[in-house]
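User: I would like to go through this model and ask, for each label, what supports it. Could we begin with the metal site and then turn to the other ligand?
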Amino acid sequence: VTTTVPVDLGDRSYDVVIGHGVLDRLAKMLPATARQAAVVTQANVSCPIDVGGPSDTFVLPDGEQAKTLGAVEELCRGFSRAGLGRGDVVVAVGGGVVTDVAGFAAASYLRGVAVVHVPTTLVGQVDAAIGGKTGVNLPEGKNLVGAFWQPRGVLCDLQTLETLPRREWASGRGEVAKCAFLVPRPGEVAPGNELTQWDLQEQVEWCVRLKAAIVSADEREVGRRMLLNYGHTLAHALEAVGLAGGPVDLRHGEAVAVGLVFSARLAQRLGRIDEDRVREHLSVLGHFGLPTDLPEGLHAAELLEYMARDKKTLHDLTFVLDGPDGVEPLRGVEETDVVATLAAMGAEP
Ligand SMILES: NC(=O)c1ccc[n+]([C@@H]2O[C@H](COP(=O)([O-])OP(=O)(O)OC[C@H]3O[C@@H](n4cnc5c(N)ncnc54)[C@H](O)[C@@H]3O)[C@@H](O)[C@H]2O)c1
Ligand SMILES: [Zn+2]
């Protein structure tokens with residue numbers, strides 16, 4: 001069975017197709033104007049790609065360090081040498097790094113050519129390939145240069161995930177766990193623990209529906225899209241400590257898992273949810289085999305400083321927290337509550 005989830009954005013609307021062995025649908029997703037395609041991928045990604053016509057393949061280096069303006073320049077020069085024209089198409093086949101870089105190259109080349117995403121990581125299928133955020137890093141920080149550039153279509157073939165390394169599964173599952181506590185529209189009920197009883201396709205579908213609905217309501221992240229950052233404020237702080245050489249070795253989704261535990265405990269401390277709801281968070285994360293404890297040797301003050309600096313916390317300490325009306329952004333959280341929650345999780349002062 002194949003599922004199609006529409007992303008509703010007026011004349012920029014598109015479909016996300018989800019299923020096992022659906023790669024043969026790729027040719028049909030390309031714009032009718034395309035005479036040739038530029039396939040952008042990575043060495044580790046080994047799925048067979050047939051665009052149903054002439055194509056050139058561009059292989060990006062592996063890892064986060066491939067997300068540079070230099071990589072975008074290389075791609076655009078390659079597109080130009082290959083004769084890629086306005087009506088042609090870029091096909092991104094890979095994880096979030098590939099779809100972010102190829103998407104930004106497509107947004108910029110000839111002031112914008114069509115892009116179709118074929119995400120081959122769980123992070124890509126449930127998050128990165130959907131919603132139109134593209135971009136690269138600068139030495140000064142992650143994702144500082146980019147564009148909103150919606151794809152023409154997204155093809156999530158669950159079969160491509162079979163070769164995914166364990167830590168990449170874990171990373172994706174952290175985002176899936178996050179989605180268990182969110183709803184597409186206000187007033188709906190989040191699946192929580194129930195999500196862990198669904199099969200992989202149903203889980204991916206839930207995450208895609210959720211992101212599609214939230215992105216349709218708030219394409220440029222001025223409101224509801226902030227909810228997708230549930231668990232991310234501490235996660236970003238943990239990642240920053242790790243990048244600075246500190247005692248953190250977590251993939252993004254693993255850091256999100258720890259961030260979800262922190263968010264649940266903070267919400268409990270603020271009287272927004274009860275102990276049962278905290279346990280439900282731990283149970284979902286446990287089901288996915290994700291970490292739930294803070295790494296050892298971290299200082300609450302340092303984490304607090306990184307969290308206050310996170311661009312998504314706005315001006316005061318804003319956290320996305322669970323509560324009686326579901327997950328929502330909460331402004332003006334007191335530092336003492338944050339520090340006490342971190343201390344209860346084992347952080348030093
Ligand atoms: N644009 C967005 O909205 C958005 C959302 C979330 C994350 N991101 C970005 O996505 C990136 C992370 O993406 P990711 O977690 O997919 O990591 P990634 O793209 O680095 O992929 C992880 C590793 O898996 C390999 N790989 C990919 N597909 C494979 C497959 N089928 N089999 C075996 N190996 C495979 C990759 O080559 C890489 O080595 C970050 O840069 C993040 O900023 C963007
Ligand atoms: Zn994330």
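Analyst: In this predicted model, the zinc ion (ligand 2) is coordinated by Glu175 (OE), His232 (NE2) and His252 (NE2), at 1.9 to 2.1 Å.

User: What makes Glu175, His232 and His252 donors of the zinc ion (ligand 2)?

Analyst: A donor is an N, O or S atom within 2.8 Å of a metal such as this one, and the atoms of Glu175, His232 and His252 lie at 1.9 to 2.1 Å, so they meet the cut-off. Water is not among the atoms, so the site may look incomplete. Along the chain, the donors follow the spacing E-x56-H-x19-H.

User: Why can the pair Glu175 and His232 be said to tie together parts of the chain?

Analyst: Glu175 belongs to helix H5 (residues 166-179) and His232 to helix H7 (residues 232-243), so the pair links parts that are 57 residues apart in sequence. Both Glu175 and His232 are buried, a term that stands for under 20% relative accessible area.

User: How do you know that Thr120, Val97 and Thr160 make polar contacts with ligand 1?

Analyst: The cut-off for a pair of N or O atoms is 3.5 Å. A side-chain N or O atom of Thr120 is 2.7 Å from a nitrogen atom of ligand 1, a backbone N or O atom of Thr160 is 2.8 Å from a nitrogen atom of ligand 1, and a backbone N or O atom of Val97 is 3.0 Å from an oxygen atom of ligand 1, so each pair qualifies. The protein covers 88% of the 870 Å² of accessible area that ligand 1 has on its own.

User: Which classes of residue form the shell around ligand 1?

Analyst: The shell has ten charged, nine polar and six nonpolar residues.

Note on methods:
Residues numbered from 1 in each chain as written. Chains lettered and ligands numbered in written order. Predicted model: local features only at pLDDT ≥ 70, side-chain atom pairs only at ≥ 80, totals over all residues. Heavy atoms only, no water. Polar contact = N/O pair within 3.5 Å; in protein donor to acceptor, adjacent residues only side chain to side chain. Areas by Shrake-Rupley, 256 points an atom, 1.4 Å probe, with all protein chains shown as cover. Nonpolar A, V, L, I, M, F, W, Y, C, P; charged D, E, K, R; others polar. Donors = N, O, S within 2.8 Å, 3.2 Å for Na, K, Ca; no water. Helix = DSSP H or I, 4+ residues; strand = E, 2+ residues; numbered from the N terminus. Buried < 20%, exposed > 50% of the residue type's maximum accessible area, 1.4 Å probe, protein only.
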